[in-house]
Amino acid sequence: MTFSLLLAAMPVSAQTVATMNYPETRRDDVVETLFGEKIADPYRWLEADVRHDAKVADWVDRESRYTEEYLETLPQRAWFKQRISALMNFERFGLPTKAGTRYFYTRNTGLQNQSQLFVRDGLHGKARLLLDPNAWAKDGATALDAWEPSQQGRYLLYSVQDGGSDWRILHVMDTASGKVLDDELRWVKFSALAWIGEEGFLYSRFPAPEDGAAFQSRNYNQGVYYHRLGTPQSADELVYSTPDHPDYGHTAEVTQDGRLAVITSHIGTDSRYDVRVVDLSKRGKTGWHARSIVTGFKDDWRLVEGAGQKLWFVTNEGAPRYRLVSIDLAASDPVFTQVVAEREDILEKAGIVGRQLVLNYMRDAASHAEFVGLDGKPGRALALNGIGTASGFRGKPGDPETFYSFTSFNRPASIFRMNLDTGASEPFAEPAMDFDPAQIAVEQRFYVSKDGTRVPMFLVRRKDVAQAGKPVPTLLYGYGGFDISLTPGFSASRMAWVQAGGAFAMANLRGGGEYGRAWHDAGRRANKQNVFDDFIAAGEYLKAEGIAAKDGLAIQGGSNGGLLVGAVLNQRPDLFAAGVPQVGVMDMLRFDRFTAGRYWVDDYGYPDREADFRVLRAYSPYHNIKAGTDYPAILVTTADTDDRVVPGHSFKYAAALQAAPLGDKPHLIRIETRAGHGSGKPTDKVIEESADVLSFVAEWTGLSVPK
């Protein structure tokens with residue numbers, strides 16, 4: 001019986017589901033012996049690039065049609081699509097950047113696929129459109145990525161992202177005329193953009209990949225280059241590279257006064273860097289001489305700013321929760337001097353604006369900010385409106401102002417301008433919402449994990465739902481890796497779920513950066529199981545506290561969070577009603593063989609080393625599916641142009657799910673076209689995917705949307 005006939009014969013619902021007749025998937029006899037263990041990999045053929053392999057493309061087409069037919073039957077889908085669209089339909093702005101007398105910022109009227117870039121001549125000048133990415137591609141999938149005005153604002157350097165790929169193309173515009181110059185730079189990835197005066201800029205790129213390998217081959221030999229305006233890319237000067245260490249990556253920043261270029265080198269994704277400095281005033285005599293000031297790849301070093309020969313950094317060297325230090329390169333024996341000591345809160349970042357330092361701190365995954373003098377003497381704190389995330393505070397030494405944003409689960413980002421002399425803030429852009437934030441309850445709870453560790457979790461519900469005290473369908477989100485902190489922020493899809501009467505929870509698992517280096521270390525490599533234990537404990541807490549309905553708990557996570565969901569579904573399928581692993585790392589024995597995967601060994605370990613292999617083998621989602629066990633409903637999501645976590649991870653995992661006897665709930669894969677790991681995705685695709693995910697989760701957790 002075909003799936004279409006099955007649907008015609010019997011409505012599919014959370015209560016009654018017949019055995020799913022999935023599209024046929026070829027199964028090969030591929031077996032490898034790794035450290036004495038035979039490892040089957042029957043779906044390895046699905047690792048091939050869908051753009052160049054007809055058989056994989058055919059499989060993708062059949063799976064996509066099958067999933068779409070199922071999703072079309074979900075009665076909540078139309079409501080979620082309408083509600084998410086309405087919640088996204090508000091004017092929103094990005095943080096302004098000042099260069100010379102010009103202010104640059106992004107703006108989206110609401111449902112535009114891509115935000116536009118505007119400029120004002122003076123703070124209150126008339127807004128002028130500079131770039132409209134919506135005109136770049138008919139499907140809206142070509143996006144404006146990073147952008148940086150030259151120091152006086154004469155030029156705008158910007159990067160273009162196509163189809164969600166990590167590759168970028170750089171262009172330059174004359175700000176006054178709006179003319180795009182002939183300069184075009186390719187094979188740029190994981191790059192900062194740093195102007196040197198108005199004549200040229202520093203950027204990072206890789207060698208051009210072989211034909212047909214751009215979206216899967218591993219990234220090696222990144223270098224920092226200088227491009228002078230008006231010259232071809234072939235004439236760009238190599239500033240810094242490490243040919244003896246092709247696995248090293250490098251990015252460059254330039255201090256606001258244009259005196260120094262700071263080159264930061266890394267090996268993997270772990271925050272352990274070497275730092276070198278180029279004195280730009282001497283490059284005519286000495287060339288691009290890079291002077292080492294930090295070596296050994298031991299600690300995190302984040303450039304704050306520079307003035308003359310003095311640099312400020314935020315670092316966890318000798319301070320797991322970070323401190324602020326400075327170094328004077330003009331001294332006969334330069335050493336780092338502490339400016340602000342480590343505190344109980346995490347120092348996330350800092351900046352110099354006006355004549356003072358602004359420090360961004362995080363306490364229990366929520367942020368606050370304060371100002372101190374350049375000598376570290378205490379200044380004033382910045383009052384924020386409840387639990388949320390403050391960011392921005394960019395500027396230059398001597399500026400009279402800075403801009404920052406504040407957002408929370410129930411508040412889209414508002415942009416504020418602060419007068420640095422008076423400390424007074426005024427709105428620069430505040431969104432008009434079609435709901436009352438006061439009707440949404442945002443709480444922070446703490447629960448105990450398997451080993452006794454206290455873990456924070458945010459909980460978001462309608463106030464009337466919270467006051468009623470009855471269990472409701474609940475969506476639990478997590479990440480837990482790469483020193484990344486999950487902080488409060490607005491999401492239209494999450495708000496739609498909450499408005500429908502569900503609860504949303506976000507757990508701050510170990511492996512993230514919420515409590516500094518020790519918290520990260522406690523959830524990586526040999527300690528990775530702690531992350532899964534924390535997530536499982538969050539689910540158990542939500543049920544024990546009467547927040548999540550007995551059969552109404554779903555889990556969601558993307559990228560490393562997709563791995564999290566896949567691993568936890570294998571370990572505790574009984575705990576959840578549904579799972580949504582998105583763009584996940586699902587084959588932990590081969591992740592390092594594709595694109596940026598080789599960087600991830602800092603968090604995951606090396607599959608070709610036996611000790612790491614044993615850990616990875618124990619939780620790899622693809623290799624640990626428990627045949628003969630009833631599994632929750634699962635919707636895997638990925639995209640054909642994802643060259644961060646290649647879609648072969650999700651293809652193989654979904655094929656293995658569908659082949660195993662795991663009960664009668666659906667195990668489907670949703671494959672987006674002309675999209676990647678997430679960034680640059682057009683608004684219409686975001687709405688469609690979010691509606692599909694939430695309607696699927698609602699179906700299997702029993703959430704009934706408002707009539």
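**Note on three regions of the model**

1. The four-stranded sheet. An open sheet of 4 strands is ordered S24-S25-S26-S27, and its pairing is antiparallel. At its edges lie strand S24 (346-353) and strand S27 (378-382), each of which pairs on one side only. Direction ignored, neighbouring strands of this sheet are turned by 25° against each other on average. The model is a predicted one, and this applies to every point below.

2. The S24/S25 pair. Within that sheet, S24 is joined to strand S25 (residues 356-363) by 7 bridges in the antiparallel sense. For checking the register, Leu347 has Tyr361 in S25 as its bridge partner. In a regular strand, side chains alternate between the two faces of the sheet.

3. Strand S10 and its burial. Strand S10 covers residues 168-174 and is mostly covered, with 6 of its 7 residues buried. S10 pairs with S9 and with S11, and the two pairings are taken in turn below.

4. The S9/S10 hairpin. Strand S9 (residues 155-162) runs antiparallel to S10, and 6 bridges join the two. One reference point for the register is Tyr158, which stands opposite His171 in S10. The hairpin has 5 residues between the strands, and Gly163 takes a positive phi near 60°.

5. The S10/S11 hairpin. On the C-terminal side, S10 pairs with strand S11 (residues 180-188) over 4 bridges, again in the antiparallel sense. Here Arg168 has Val188 in S11 as its bridge partner. This hairpin also has 5 residues between its strands, and Gly178 in the turn shows a positive phi of about 80°.

6. Geometry of helix H8. Does the length of H8 agree with its residue count, or disagree? Helix H8 (residues 529-544) has 16 residues, which at 1.5 Å a residue should span 22 Å; the C-alpha atoms at its ends are 22 Å apart, so the two values agree. Just after the helix, Gly546 adopts a positive phi of about 75°.

7. Burial of helix H8. Why is H8 described as largely enclosed by the rest of the structure? The reason is that 12 of its 16 residues are buried, the cut-off for buried being under 20% relative accessible area. An unbroken run from Asn530 through Val531, Phe532, Asp533, Asp534, Phe535, Ile536, Ala537 and Ala538 to Gly539 is buried, as are Tyr541 and Leu542. Asp533 and Asp534 are thus listed as buried along with Phe532 and Phe535. An α-helix has 3.6 residues a turn, so residues three or four places apart point the same way.

Terms used
Residues numbered from 1 in each chain as written. Predicted model: local features only at pLDDT ≥ 70, side-chain atom pairs only at ≥ 80, totals over all residues. Heavy atoms only, no water. Buried < 20%, exposed > 50% of the residue type's maximum accessible area, 1.4 Å probe, protein only. Pairing = 2+ DSSP bridges. Expected span 1.5 Å × (residues − 1). Axes fitted to C-alpha atoms, helices over the stretch in contact; angles between N-to-C directions.
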